[in-house]
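Please keep the sequence and the model side by side while reading, since the paragraphs below move from the overall fold to single residues.

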Amino acid sequence: MPDALWNATITRVRGEFEEMPCLRVTCEQARVLFGLPGQFAEWVLRCLERDGYLDRNLQGEYLRRIGEV
């Protein structure tokens, strides 16, 4: 995937979590909500988790890290 498309997707998904701070989604829900193909949703969510922007709870939902602004 081209860097520009990857960066735009990360920015868009981050923006969704900024607009809805209480948003909690599984990989499958994120795929549908953000319109991402296949495993791409998982890659994006894991990247945001690795970067410290998202956390993952015991139910497998990704949510904005507490205290993240």
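Among contacts in the protein between residues at least 6 apart in sequence, what percentage join residues at least 24 apart? In this predicted model, the share is 47%. The chain that makes these contacts is built from three helices and three strands, and from the N terminus on its elements follow the order α-β-α-α-β-β. A compact globule of 69 residues would have a radius of gyration near 11 Å, and the protein, with 11 Å, agrees with that expectation. Along the principal axes, its C-alpha atoms fill a box of roughly 30 × 25 × 20 Å, and 35% of the 69 residues count as buried.

The strands are a convenient place to begin. They form an open sheet of three strands in the order S1-S3-S2, with antiparallel pairing. S1 (24–25) and S2 stand at the edges with a single partner strand each, so one side of each is left without a neighbour in the sheet. Strands of a sheet pair through backbone hydrogen bonds, in either a parallel or an antiparallel way. Here S1 and S3 pair in the antiparallel sense over two bridges, and Arg-24 is found opposite Leu-63 in S3.

Two of the helices can then be placed on this sheet. H1 lies across S1, S2 and S3 and runs at about 65° to S3, whereas H3 lies across S2 and S3, running at about 110° to S2.

H3 deserves a closer look, and the question to ask is where its buried residues lie around the helix axis. Within H3, which spans residues 40–50, the buried residues are Phe-40, Ala-41, Val-44, Leu-45, Cys-47 and Leu-48. Viewed down the axis of H3, these buried residues fall within an arc of 155°, so they line one face of the helix. An α-helix has 3.6 residues a turn, so residues three or four places apart point the same way. The buried residues of H3 pack against helix H1 (3–19), helix H2 (27–34), strand S2 (54–56) and strand S3 (62–64). Just after H3, Gly-52 adopts a positive phi of about 85°.

The packing can also be followed through the largest nonpolar core, which has 17 residues, and in which Val-13, Phe-17, Phe-34, Leu-36, Val-44, Leu-48 and Leu-54 touch the most other members. The elements that give two or more residues to this core are H1, H2 and H3, and H3 gives the most, with six residues. Phe-34 can serve as an example: leaving aside residues up to four places away in sequence, Phe-34 touches Arg-12, Val-13, Glu-16, Phe-17 and Leu-23.

Two further residues, one from H1 and one from H2, complete the tour. Thr-9 is found in helix H1; is this residue buried or exposed? With a relative accessible area of 7%, Thr-9 is buried, because buried means under 20%. Not counting residues up to four places away in sequence, Thr-9 touches Leu-36, Phe-40 and Val-44, and of these Phe-40 and Val-44 are among the buried residues of H3. Glu-28, by contrast, lies in helix H2 and is partly exposed, with a relative accessible area of 46%. Glu-28 and Gln-39 are separated by 11 residues in sequence, while in space they are 9.0 Å apart, C-alpha to C-alpha.

Terms used: Residues are numbered from 1 along each chain as its sequence is written. This is a predicted model: local features need pLDDT of at least 70, side-chain atom pairs count only at pLDDT 80 or more; totals for chains, interfaces and linings use all residues. Side-chain values use heavy atoms; hydrogens and water are left out. Buried means under 20% relative accessible area, exposed over 50%, partly exposed in between (1.4 Å probe, protein chains only). Helices (H or I, at least four residues) and strands (E, at least two) are DSSP runs, numbered from the N terminus. The arc is that of the directions from the helix axis to the C-beta atoms. Contact means heavy atoms within 4.5 Å. Two strands pair if DSSP finds at least two bridges between them. Axes are lines fitted to C-alpha atoms, for helices over the stretch in contact, and angles run from 0 to 180 degrees between N-to-C directions. A nonpolar core is a set of buried Ala, Val, Leu, Ile, Met, Phe, Trp, Tyr and Cys residues joined through side-chain atoms within 4.5 Å. The radius of gyration is taken over C-alpha atoms; the globule rule is 2.2 Å times the number of residues to the power 0.38.
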